[in-house]
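Student: I should like to take a close look at one part of this molecule, beginning with a single point in the backbone and working outward to whatever surrounds or packs there. Please describe it in one connected account.

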Amino acid sequence: MAVIGIDLGTTNSLASVWRNGRIELIPNTFGEYLTPSVVSFGEDGEVYVGKVAKERLITAPSVTFAEFKRNMGSSYRYFANNKYYTAEDLSSFVLRRLKEDAETYLGEKVTEAVISVPAYFNDDKRCATKNAGKLAGLNIERLINEPSAVALKHHMGVEEAETFIIFDFGGGTLDISLVDAFDNMVEIQAVSGDNYLGGKDFNEIIAEDFYKDNHITKGDLTEEEQGIILKEAEMLKRELTDKDKAERKVYIQNQEYMMRMTNQHLIHVGTELFKRMSIPIRRVINDSGMRLEEIDKLILVGGSSKMPVVEQYLKSLLDISVVRDASPDESIAEGVGIAAAIKERVGDVKDMILADICPFSLGTEIFDGSFSPIIERNDTLPCSHTRGYVTMEDYQNTMTFPIYQGDNMIAKENLLLGTMQITGLPPEPRGKVKASVTFMYDINGILDIKIVSGEQSLHRVIMNKKMGLSEEELKTRLKQLREMTLSSMEDENTRYLLEKAQRLYQESPPLVRAHIAEQITRFRAIMMKERNARIRREACVHLSVYLEAVEYNKFDFNGFDESFFEDDSEEE
């Protein structure tokens, strides 16, 4: 029985399978490989998925939904025909359609799949993806990061060693991975991304520019009319893939309007989007510890990477080769199919090895509310690390370990996965009773935790948040969020330094993180306890100088310059 690979995308989804010694894309009922990730509900209870549903974005916008991947794992609900649906509910309809198309194409039942997810999906979003698979009648044992799937596809059959960046720019998400590949090994060195940056955002800024140019108030239009403008904006963006200028006629409220755009103007209105692209690239280079000259190339994949302004922007940023994958819309699906074949150990790819990494740190909260990482971001999977903790009060009989996933220095700003507590500790002075905490994290996202103190031992497996948390823990988390307040420090410079320090903490590798954490702890202690203005001022200067040094030694890009796409011929 075949195991299929599925690229569950924000804009389009597609499936693949390893068969007859090669990877095959699976066509849908229209004979096309791309199935729009759109779901619509009819009045009589029928569910439309894909191409038909996409048309209903205009004709029946109130019961048609797209881009729900961005809300995976969240509490957001969609309402249609007196019923509420979650993002995983809607995704399950897309997966079910892909499953049925695969069964028709292969002539056999399909019960298992490997699904790709953005590398920066947290535990909630990954859990929701697996739940969507279950609702669709699929067994999902393994998820694979989207750029990791592309790396597998790119390195298959390549004998020489290579180091490259995968720039996966889709309809709703941006994923970046830095890859070191040699022989049959594909090793992910670092990952980063933006779960809320994609081609969809360019559609929206083109639409906003249209409203501005034609003096139209968006709120005066119906949902259908707004949908027409957004669709025309997407079509205009696609035209700009092949030419530098494009225009389209838009008919709304019995009037004809013109929507015009050039690639140069798109750069102007999309300045902030381009700046956001550079952030995860900078992070993966810094996290990997590599120099730019050690990287051979950057590979563009994902449908939105076909925009020429994106390619030109990256070329202006990086002094390395920037190349577009031959099939940017299909690369992820092909890579996921290869991953499924590796899992099943079939075909010529059975000996390929993918060494993926943990995209977020995993750890616990300590006495001052700080996050104490046990498994660091970008640790190679599977991995196992142990860290020791001690009691902070005399005769303390209980030690509580909230388990968090994330990279914020403040523990409660990260994602709570569960809580473990060891009780009945011997009555000893502070610091005398110790607990050893071991985290083991595997390639399937299963976190195995063991806590040992003296003769006591506590063990728990957290497969995901929803399976690992009780209703009581969920209520506790909500109460904690409501009780969270901002720092009482009123000095603007102090607040700026703390925010800058926490940003650098999130962007830095483990060794630098440890130093930053020490500096922040020292600084916060002085600002909270010291009333002498001179000492407080000296502490600010000390931390400021330190942070400048950290920032100076990080890899970065020059400022944004809109001229990177200017055509000299137009100036003559």
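Tutor: E67 lies in the loop between β7 (64–66) and β8 (78–80). In this predicted model, E67 has a positive phi of about 60°, although E67 is not a glycine.

From that loop one may turn to the internal spaces. The structure holds two cavities of 30 Å³ or more. The second largest has a volume of about 30 Å³, and F68, K69 and M72 are among the residues that line it. The rest of that lining consists of L8, G9, S37 and S91. By class, the lining of the second largest cavity comprises three nonpolar residues, three polar and one charged.

The largest cavity encloses about 60 Å³ of space. Its lining includes N28, T29, F30, E32 and L34, together with T35, P36, V49, G50, K51, R97 and D101. Two elements, β4 (35–36) and α2, each supply at least two residues of this lining. Here the classes are evenly represented, with four nonpolar, four polar and four charged residues.

Helix α2 leads on to the packing of helices. Two packed helices are described by the angle between their axes and the distance between the axes. Helix α2 (residues 87–106) and helix α3 (residues 123–135) have axes that come within 8 Å and cross at roughly 50°. That angle makes α2 oblique to α3, and the crossing of α2 and α3 is right-handed. On the α2 side, the contact is made by E88, D89, S91, S92, L95 and R96; on the α3 side, by A128, A132, G133 and L135. S91, in this contact, is thus a residue named above in the lining of the second largest cavity. The contact of α2 with α3 has four nonpolar, three polar and three charged residues.

A further pairing joins helix α1 (residues 51–59) to helix α6 (residues 223–239): their axes are 7 Å apart and the packing angle is about 125°. At this angle α1 is oblique to α6. K54, E55 and I58 of α1 meet E224, G227, I228, K231, E234 and R238 of α6. Of these residues, six are charged, two nonpolar and one polar.

Helix α6 packs with helix α5 (residues 199–213) as well, at an angle of about 115° and with axes 8 Å apart. The two helices, α5 and α6, are therefore roughly perpendicular to each other, and α5 passes α6 in a right-handed crossing. From α5 the contact draws on G199, F202, N203, E204, I206, A207, F210 and Y211, and from α6 on Q226, I229, L230, A233, E234, L236 and K237. The contact of α5 with α6 contains nine nonpolar residues, three polar and three charged. E234 takes part in the contact of α6 with α1 and in that of α6 with α5.

One further backbone feature may be set beside E67. A cis peptide bond joins L381 and P382, with omega of about -10°. P382 lies in the loop between β21 (371–375) and β22 (383–390).

Notes:
Residues numbered from 1 in each chain as written. Predicted model: local features only at pLDDT ≥ 70, side-chain atom pairs only at ≥ 80, totals over all residues. Heavy atoms only, no water. Axes fitted to C-alpha atoms, helices over the stretch in contact; angles between N-to-C directions. Helix = DSSP H or I, 4+ residues; strand = E, 2+ residues; numbered from the N terminus. Parallel < 35°, antiparallel > 145°, perpendicular 65-115°, else oblique. Left-handed = near helix turned anticlockwise from the far one by under 90°. Contact = heavy atoms within 4.5 Å. Nonpolar A, V, L, I, M, F, W, Y, C, P; charged D, E, K, R; others polar. 1 Å grid on protein atoms, 1.4 Å probe; cavity = no way out; pocket = protein on both sides within 12 Å on 5 of 7 lines; lining within 4 Å. Points joined across faces, edges and corners; volume = space filled by probe spheres on them.
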